[in-house]
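Shall we read a structure together? Have a look at the model first, and then we can take its features one by one.

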Amino acid sequence: MSETPLLEASELTRRFRSRQGVMSAVDRVSFRLMRGEHLGIVGASGSGKSTVAKLVQRLLPATEGHIYYSGRDVTNLGERALRPLRRRIQSVSQNPYASLFPNKSIGQNIVEPMLLHRMGSPKERMDSAMRLMRQVGVPSEQFYAFPHEISGGQQQRIAIARALALHPELLILDEAVSSLDVSIQAQILHLLVELQGQYSLTYLFVSHNLAVVRMICTQVAVMFLGRIVELGPVSEIFSHPAHPYTQALLAAVPDFSSARPAGADVPQEVDSEPEPPSPYRLPSGCRYRTLCPIATQRCESEEPQLRTVGAGQHAACHYSGGAEAEPDPARTEREGVR
Ligand SMILES: Nc1ncnc2c1ncn2[C@@H]1O[C@H](COP(=O)(O)OP(=O)(O)O)[C@@H](O)[C@H]1O
Ligand SMILES: [Mg+2]
């Protein structure tokens, strides 16, 4: 018998209608996030990462599919029934200043959620806020400072402290360090790693930055135009990405250029990047095929589904290893023998 995931998405779909037509921002997305694991969701802008984050927090209704929390189907729970869940799931967003009450002191900002959920006495809440401030590296003497009086990095530390105030199980971080200077980013990332263990947290970590995901996460889901194209342990995917899109993403990051298929030529200068398809007019079959260097006729006619290609590793590509893959001599040569 396997353990129950803390969070599970099953065939989650979210469609949006606009003047341009109907598109699926998130298309049949499934994953299981176990307690104490940390799932990174990566992909280009517009691939549906934030929509997944909003769907699992029930901030946006799903068009189809299900969300399970600790094994319970929470897809259609009413606001009242959701309240205890809202405490167990907290989030940190990209813009710390916008997420704080500007006219409340930073200490009061941390106290606020405890007040809302009627936790502790006024003294206990204040002590708890002071403790959290120290924990995230903001001196508690700053309790009465206002958000605009502290730096962006400090503001993000306070946003994190506030998210922790209710002792959540799941922390959802959507581009939580993306707006910060690189040196500040590193500090906040170290803090996030420290807190994972201290608070027994599980992270759902959305980022377009692969290096950051490798530092924080144990699992990674790679999204392309609403679909998960690759899913599995960070250790597997970062060392031998199976999907051509993951390979392209990793090859674009200097740190990971070793993940590039051996012998593959990386163009020094790309004159005109091929345009990704419009989400309103997806190609038939595999939606990555118009950008894919190894696409064949089969990719035009048949949409690849996620299937096992390695230890816990899944890829949605007809030609990514695994038992069903057809041998492709050209590709074998490019990748070398592993
Ligand atoms: N409320 C909305 N109405 C219409 N389209 C939306 C809405 N929210 C997101 N989208 C579209 O859904 C796609 C995915 O968006 P998003 O989840 O924000 O991507 P990401 O976070 O990966 O950049 C984008 O094409 C975006 O334009
Ligand atoms: Mg986003």
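**Reading a ligand shell and a strand residue**

Q: Which residues are around ligand 1?

A: Start by listing the shell. In this predicted model, the residues around ligand 1 are Phe 16, Met 23, Ala 25, Ala 44, Ser 45, Gly 46, Ser 47, Gly 48, Lys 49, Ser 50 and Thr 51. By character, that shell divides into four nonpolar residues, six polar ones and one charged.

Q: Which element supplies the largest share of the shell around ligand 1?

A: Here we map the shell onto secondary structure. Helix 1 gives the largest share, with three residues. Helix 1 spans 49-56, and both this helix and strand 2 supply at least two shell residues each.

Q: Where are polar atoms of Lys 49, Gly 48 and Ser 47 relative to oxygen atoms of ligand 1?

A: For this we look at atom pairs. Lys 49 places a polar side-chain atom 2.9 Å from a ligand oxygen. With Gly 48 a polar backbone atom is involved, at 3.1 Å from an oxygen of ligand 1, and with Ser 47 the backbone distance is 3.2 Å. As for cover, ligand 1 taken alone exposes 560 Å², and the protein buries 63% of that.

Q: Why does Ser 24 count as partly exposed?

A: Relative accessibility decides this, with partly exposed running between the 20% and 50% cut-offs. Ser 24 has 21%, so it falls in that class. This serine sits in strand 2, residues 21-33.

Q: What is Ser 24 in contact with, leaving aside its neighbours within four places in sequence?

A: Its partners are Thr 13, Arg 14, Arg 15, Leu 225 and Gly 226. Arg 14 is 10 residues away along the chain, yet the C-alpha atoms of Ser 24 and Arg 14 are 5.7 Å apart.

Terms used
Residues are numbered from 1 along each chain as its sequence is written. Chains are lettered from A and ligands numbered from 1 in the order in which they are written. This is a predicted model: local features need pLDDT of at least 70, side-chain atom pairs count only at pLDDT 80 or more; totals for chains, interfaces and linings use all residues. Side-chain values use heavy atoms; hydrogens and water are left out. Helices (H or I, at least four residues) and strands (E, at least two) are DSSP runs, numbered from the N terminus. Buried means under 20% relative accessible area, exposed over 50%, partly exposed in between (1.4 Å probe, protein chains only). Contact means heavy atoms within 4.5 Å. A residue is near a molecule or strand if one of its heavy atoms lies within 4 Å of it. A polar contact is a pair of N or O atoms within 3.5 Å; within protein, one must be able to donate a hydrogen and the other to accept it, and residues adjacent in sequence count only if both atoms are side-chain atoms. Accessible areas come from the Shrake-Rupley method with a 1.4 Å probe; for residues, only the protein chains shown count as cover. Ala, Val, Leu, Ile, Met, Phe, Trp, Tyr, Cys and Pro count as nonpolar, Asp, Glu, Lys and Arg as charged, and the others, Gly among them, as polar.
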